[in-house]
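Hi everyone, thanks for making room for me today. I'd like to walk you through one protein model, so let me put it up on the screen.

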Amino acid sequence: MLSEQATLPRGDAAARKNARLDLFRFVPFRLNRLAAEVSSALADEYQERYGLDIPAWRVLATLGFRKDACSAQYVAECTRTHKSTISRAVTSLMKRQIVERVENEADRREFRLRLTRKGRALYEEIFPRLQLREQEILACLSAQERRDLVTLLGKLEASLNLMQTSDEADAKEAY
C-alpha cells in the first residue's frame, strides 16, 4: 500500500504537510506485527514445556530440517537472527547436549552444527505440536485462502531474494 502522502498531488503542499503514515495500513508494519505475534504464540509451545527461547528454537528448527550439519552463520542467515544471538543459543544448546559441533571435512578450521540424538528426539517431539499450533492459527482462513497466502508469501520472498524451499537452502548451503 502506498502511504497517503505518495498519493497526493504534488502542488498540494498543505495536504502533504498534514498527511501521515497510517501504520495499520502500512504493509511492512503489519507483516512485522503479525510475525511477532505468531512467533510469540508458537514460543508458548516450546518455552514453558521445553525451556527453549526463540533463538534456541530457531537453531533447533534449522538443524532439524537440514539433512547435513551446517554452520552457525547459515543458521543466522536462514533465520535472519544476529550471529551473536545464534552463538549464545548454540552455547546453551550444547550445554544441554542438544546440539554438537562436528569438524567440517572440507575446511578443518571450521566447525559445523548438528543435532545430537537427544536434540533430534526433542525436535521430533516439538515439531508436530507446532504444526498443530500453525493449523490453529490458520483456521480463520479457508483452504483457498491458505493456498493464496502461501503463493503471496512466496512472491514476497522471491522479490527479496529469500530462499523458499529446503532443497534450495541445502543446495546453496547459505544465503
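Of the 175 residues in this protein chain, 26% count as buried. Keep in mind that what you're looking at is a predicted model. In terms of secondary structure, the chain comes to eight helices and two strands. If you read along the sequence, the pattern goes α-α-α-α-α-β-β-α-α-α. And if you take the contacts with a separation of 6 or more, residues 24 or more positions apart account for 49% of them.

Okay, let's go inside. Which residues have the most contacts inside the largest nonpolar core? They are Leu-52, Val-59, Leu-60 and Ile-126, and the core itself has 27 residues. The elements giving two or more residues to this core are α2, which is 27–50, then α3, α4, which is 72–79, α5, β2 and α6. The largest share comes from α3, with six residues.

Let me pick one residue there, Leu-60. If we leave aside its neighbours within four places in sequence, Leu-60 is in contact with Leu-52, Leu-93, Ile-98, Leu-115, Gly-119, Leu-122, Tyr-123 and Ile-126.

A quick stop at α4 as well. Its buried residues are Tyr-74, Val-75, Ala-76 and Thr-79. Right after α4 comes Arg-80, and its phi is positive, near 55°.

Now, helix packing. When two helices pack, we describe them by the angle between their axes and the distance between the axes.

Start with helix α3, residues 54–65, and helix α5, residues 83–95: their axes come within 9 Å and cross at roughly 80°. That's why we call α3 and α5 roughly perpendicular to each other. On the α3 side, the contact is made by Pro-55, Ala-56, Val-59 and Leu-60. On the α5 side, you have Thr-85, Ile-86, Ala-89, Val-90 and Leu-93. Sort the residues of this α3 and α5 contact by class and you get eight nonpolar, one polar and no charged.

Next, α3 with α6. Here the helices pack at an angle of about 100°, and their axes are 10 Å apart. So α3 and α6 are roughly perpendicular to each other too. From α3, the contact uses Trp-57, Leu-60, Ala-61, Leu-63, Gly-64 and Phe-65. From α6, it uses Gly-119, Arg-120, Leu-122, Tyr-123, Ile-126 and Leu-130. The residues of this α3 and α6 contact divide into nine nonpolar, two polar and one charged. You may have spotted Leu-60 on both lists: it takes part in the contact with α5 and in the contact with α6.

Let's move to the charged pairs. How many salt bridges does the structure hold? Four, and I'll show you some of them.

In one of them, the side chains of Arg-114 and Glu-100 meet, at 2.7 Å from N to O. Arg-114 lies in strand β2, residues 111–115, and Glu-100 lies in strand β1, residues 99–103, so this pair ties together parts that are 14 residues apart in sequence. Are these two buried, exposed or something in between? Arg-114 is partly exposed, with a relative accessible area of 39%, and Glu-100 is partly exposed too, at 28%.

Then there's Glu-124 with Arg-120, a salt bridge where the closest N and O atoms are 3.7 Å apart. Both lie in helix α6, residues 117–138, and they're four residues apart, about one turn of the helix. Glu-124 has 46% relative accessibility, so it counts as partly exposed. Arg-120, at 30%, counts as partly exposed as well.

Staying in α6, Glu-136 forms a salt bridge with Arg-133, and there the closest N and O atoms are 3.1 Å apart. These two are three residues apart in α6, again about one turn of the helix. Glu-136 is partly exposed with a relative accessible area of 46%, and Arg-133 counts as partly exposed at 23%.

One last residue before I stop: Asp-44, which sits in helix α2. Asp-44 is partly exposed, with a relative accessible area of 47%. Where is Asp-44 relative to Arg-133? Along the chain they're 89 residues apart, while their C-alpha atoms are separated by 10.0 Å.

That's my tour, thanks for listening!

Note on methods:
Residues numbered from 1 in each chain as written. Predicted model: local features only at pLDDT ≥ 70, side-chain atom pairs only at ≥ 80, totals over all residues. Heavy atoms only, no water. Axes fitted to C-alpha atoms, helices over the stretch in contact; angles between N-to-C directions. Parallel < 35°, antiparallel > 145°, perpendicular 65-115°, else oblique. Contact = heavy atoms within 4.5 Å. Nonpolar A, V, L, I, M, F, W, Y, C, P; charged D, E, K, R; others polar. Buried < 20%, exposed > 50% of the residue type's maximum accessible area, 1.4 Å probe, protein only. Core = buried A, V, L, I, M, F, W, Y, C linked by side-chain atoms within 4.5 Å.
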